[in-house]
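Here is a friendly walk through one structure, taken a few elements at a time. Keep the viewer open and follow along as each part comes up.

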Amino acid sequence: MAKLTVTDLELAGKKVPMRVDFNVPIQDGVIGNDNRIVAALPTIKYVLEHNGRAILFSHLGRIKTEEDKKGLSLAPVAKRLSELLGQDVLFVPHTRGAELEAAVNGLKDGQVLMVENTRFEDVINGEYVKLESGNDPELGKYWASLGDDLFINDAFGTAHRAHASNVGIASNVDQAAAGFLMEKEIKFLGDAVDNPVRPFAAIIGGAKVSDKIDVVKSLLNKADKVIIGGGMAYTFDAAKGNKIGKSLFEADKVDLAKELMDEAGDKLVLPIDSVAADAFSNDAKTEVVDAAAGIPDGYMGLDIGPKSIKLFQDVLATAKTVVWNGPMGVFELPKFSKGTLAIGEDLVKVTENGGTTIVGGGDSTAAVQKLGVADKLSHISTGGGASLEYLEGKPLPGIESLTNK
Ligand code: AMP
């Protein structure tokens, strides 16, 4: 990899600012799911085992008012991290100031400190000033000054945004390196985008064409097949002149859909049938209908049908690299989850056959977790938005700002 990684750094005796992604679900101080904390452990442990003095930064939630700060302190996260690490984590309930500086300067080799939620800097004295989210130059410089001229960024989930706690710190140190998680993301997504083992198939689903159209366009230049599923497929169907009933539809994207279909030819693989329902409910009346026959009035397509599942399976049967983002239907309702779960199962087969499979986005990740197959796939990306922007071919500021080897 062209960027410095944590193993390139001399850590002993050094104060090391680290950006981690501890943006976990928290309700009344109770952490709903600590996956993200667990995922950051290898890099944190590496730093501590190499006698570094870790200064952890993370955001938690969104903060636009003083009120928002209540309930979004990282204190419960520091406590959980301490349990997972089996050592004390010194939590400082501030994002700057004398108490923080004294705590940092009191750290000994192998000790770890956690700074309060970086987004507390977005609201100062009740005013929404966005110092963290707006990458305020003074703030990044200040946080960098707490360390010894080096920085580790292990938060891929925010890599598509330039904030003070990633780009800001990185721009003010001599050595800014990727942590192990970040390194893995760059390796898997980077290889898929720039150097995939072919055939390379991408599967893009979800609700809206407008959200994913740039990804589809970019992938059409890189992949051998781009499979479309989910609600976004119906705008393509409408562009073909098929009846779509009351399915999701974006009128202003019809021309674009037509253009893409013309350009892509058989590279673009669309569903050929749907599970159509008369209501958005598990108790709905449903019918399986062919796309060409059209969805009856009063019905909407809520999942891909069995013929589409078979068609997609045939494409995936020979694939050696697969990237998947977005569900094939309203998978939250069991009645419309078949298509999404079938794709998850297919990805396991691709992986078992020696292929590389990469899943990004909260919904597709939830689907593979529901199936219990997450650990049978090559890589589950920790950043939905960041992985999409990476696939679009956009430079990610959090990665760009790391030091070249
Ligand atoms: P996205 O955030 O764009 O990946 O969209 C995910 C959402 O799209 C999920 O909540 C799905 O329930 C929804 N979705 C997928 N397929 C359909 C469909 N055919 N009709 C309506 N919503 C859908």
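In this predicted model, the axes of helix α9 (residues 233-240) and helix α10 come within 8 Å and cross at roughly 80°. Angles of 65 to 115 degrees count as roughly perpendicular, so α9 is roughly perpendicular to α10. On the α9 side, the contact is made by Thr-235, Phe-236, Ala-239 and Lys-240, and α10 contributes Val-254, Ala-257, Lys-258, Leu-260 and Met-261. Sorted by class, the residues of this contact are six nonpolar, one polar and two charged.

Helix α10 (residues 254-264) also packs with helix α8 (residues 209-220), at an angle of about 10° and with the axes 11 Å apart. Since angles under 35 degrees count as roughly parallel, that makes α8 roughly parallel to α10. The crossing of these two helices is left-handed. To find the contact in your viewer, pick out Ile-213, Val-216, Lys-217 and Leu-220 in α8, which meet Leu-256, Leu-260 and Ala-264 in α10. The contact of α8 with α10 has six nonpolar residues, one charged residue and no polar ones. Leu-260 appears in the α10 list here and also in the contact with α9.

The two helix pairs can be set out like this:

| Helix pair | Angle | Axis distance |
|---|---|---|
| α8 and α10 | about 10° | 11 Å |
| α9 and α10 | roughly 80° | within 8 Å |

Now for the sheets. Strands of a sheet pair through backbone hydrogen bonds, and they can do so in a parallel or an antiparallel way. One open sheet has six strands in the order β5-β6-β4-β1-β9-β10, with parallel pairing. Its edge strands are β5 (89-92) and β10 (175-178), each of which pairs on one side only. On average, neighbouring strands of this sheet are turned by 25° against each other, direction ignored. Within the sheet, strand β1 (residues 15-19) and strand β4 (residues 53-57) pair in the parallel sense over five bridges. If you would like a landmark there, Val-16 stands opposite Ala-54 in β4.

Strand β4 also takes part in a salt bridge: Arg-53 in that strand is linked to Asp-109 in the loop between α4 (98-105) and β6 (112-115). The closest N and O atoms of Arg-53 and Asp-109 are 2.7 Å apart. This pair links distant parts of the chain, with the two positions 56 residues apart in numbering. The count of salt bridges in the model comes to 19.

Another open sheet of six strands runs in the order β13-β12-β11-β17-β18-β19, and here the pairing is parallel. At its edges are β13 (268-269) and β19 (379-380), each pairing on one side only. Strand β11 (residues 200-204) and strand β17 (residues 321-325) pair in the parallel sense over five bridges. Phe-200 has Thr-321 as its bridge partner in β17.

What kind of peptide bond joins Arg-198 and Pro-199? The bond is cis, with omega at about 0°. Pro-199 lies in the loop between α7 (180-194) and β11.

One more backbone detail deserves a look. Most residues other than glycine have a negative phi, and most peptide bonds are trans. Asp-28 is not a glycine, yet has a positive phi of about 50°. Look for Asp-28 in the loop between β2 (26-27) and β3 (30-31).

Terms used. Residues are numbered from 1 along each chain as its sequence is written. This is a predicted model: local features need pLDDT of at least 70, side-chain atom pairs count only at pLDDT 80 or more; totals for chains, interfaces and linings use all residues. Side-chain values use heavy atoms; hydrogens and water are left out. Axes are lines fitted to C-alpha atoms, for helices over the stretch in contact, and angles run from 0 to 180 degrees between N-to-C directions. Helices (H or I, at least four residues) and strands (E, at least two) are DSSP runs, numbered from the N terminus. Angles under 35 degrees count as roughly parallel, over 145 as roughly antiparallel, 65 to 115 as roughly perpendicular and the rest as oblique. A crossing is left-handed if the near helix is turned anticlockwise from the far one by less than a right angle, and right-handed if clockwise. Contact means heavy atoms within 4.5 Å. Ala, Val, Leu, Ile, Met, Phe, Trp, Tyr, Cys and Pro count as nonpolar, Asp, Glu, Lys and Arg as charged, and the others, Gly among them, as polar. Two strands pair if DSSP finds at least two bridges between them. A salt bridge is a side-chain nitrogen of Lys or Arg within 4 Å of a carboxyl oxygen of Asp or Glu.
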